[in-house]
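Ready for some practice at reading a protein model? Grab a pencil and work through the exercises below, trying each one before you peek at the solution.

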Amino acid sequence: LYFGLSQQDGKIIPDSAWDAFVKNYATQTFAQGFTVFTSQGWWTDEATKQIHSEPSHVIISLNKMNNRFSKRIDSLRNVYKNLFNQQSVLRTDKKVSVSF
């Protein structure tokens with residue numbers, strides 16, 4: 001999941017707000033564990049064709065997927081969008097083989 005940190009007023013979501021989101025929501029969704037990367041996202045506004053950049057966080061979690069869990073992930077995305085007035089949270093899914 002890719003979470004942009006820019007708000008519509010131009011301010012950046014504070015670390016304390018991000019940390020609270022992770023603690024209160026992401027840990028519940030990804031109870032088996034996850035990794036957070038700090039990143040810089042780049043994207044093109046389709047309406048204006050302007051390129052934008054924003055600080056971002058990426059959450060990666062390896063899980064067995066099913067419909068119920070998929071809905072929980074989408075619910076997490078919606079919580080973030082609602083809490084921080086975001087247009088989107090990018091989600092990617094890929095089947096992989098892992099070993100621990």
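## Warm-up and exercises

F37 sits in strand 2 (residues 35-44); helices (H or I, at least four residues) and strands (E, at least two) are DSSP runs, numbered from the N terminus. This is a predicted model, where local features need pLDDT of at least 70, side-chain atom pairs count only at pLDDT 80 or more, and totals for chains, interfaces and linings use all residues. Residues are numbered from 1 along each chain as its sequence is written, and side-chain values use heavy atoms, with hydrogens and water left out.

**Exercise 1.** Work out whether F37 is buried, partly exposed or exposed, and find the surface patch that includes F37.

*Solution.*
- Step 1: Get the cut-offs straight: buried is under 20% relative accessible area, exposed is over 50%, and partly exposed is in between (1.4 Å probe, protein chains only).
- Step 2: F37 has a relative accessible area of 43%, so it's partly exposed.
- Step 3: F37 joins I60, L62, V96, V98 and F100 in a nonpolar surface patch, with about 660 Å² of accessible area together. Areas come from the Shrake-Rupley method with a 1.4 Å probe, and for residues only the protein chains shown count as cover. Patch members have over 30% relative accessible area and no salt bridge; like charges are joined within 9 Å, nonpolar side chains (Val, Leu, Ile, Met, Phe, Trp, Tyr) within 5 Å.

**Exercise 2.** Trace the salt-bridge network that contains D74.

*Solution.*
- Step 1: Know what to look for: a side-chain nitrogen of Lys or Arg within 4 Å of a carboxyl oxygen of Asp or Glu.
- Step 2: D74 pairs with R77, with the closest N and O atoms 2.8 Å apart. Why are these two about one helical turn apart? They're three residues apart in helix 2.
- Step 3: D74 also bridges to R91, at 2.9 Å between the closest N and O atoms. That pair links distant parts of the chain, since D74 is in helix 2 and R91 is in the segment after helix 2, 17 residues apart.
- Step 4: R91 meets D93 in a salt bridge too (2.9 Å, N to O).
- Step 5: Put together, D74, R77, R91 and D93 form a network of salt bridges.

**Exercise 3.** Sort D74, R91 and D93 into buried, partly exposed or exposed.

*Solution.*
- Step 1: R91 is at 16% relative accessibility, so it counts as buried.
- Step 2: D74 is at 29%, so it's partly exposed.
- Step 3: D93 has a relative accessible area of 51%, so it's exposed.
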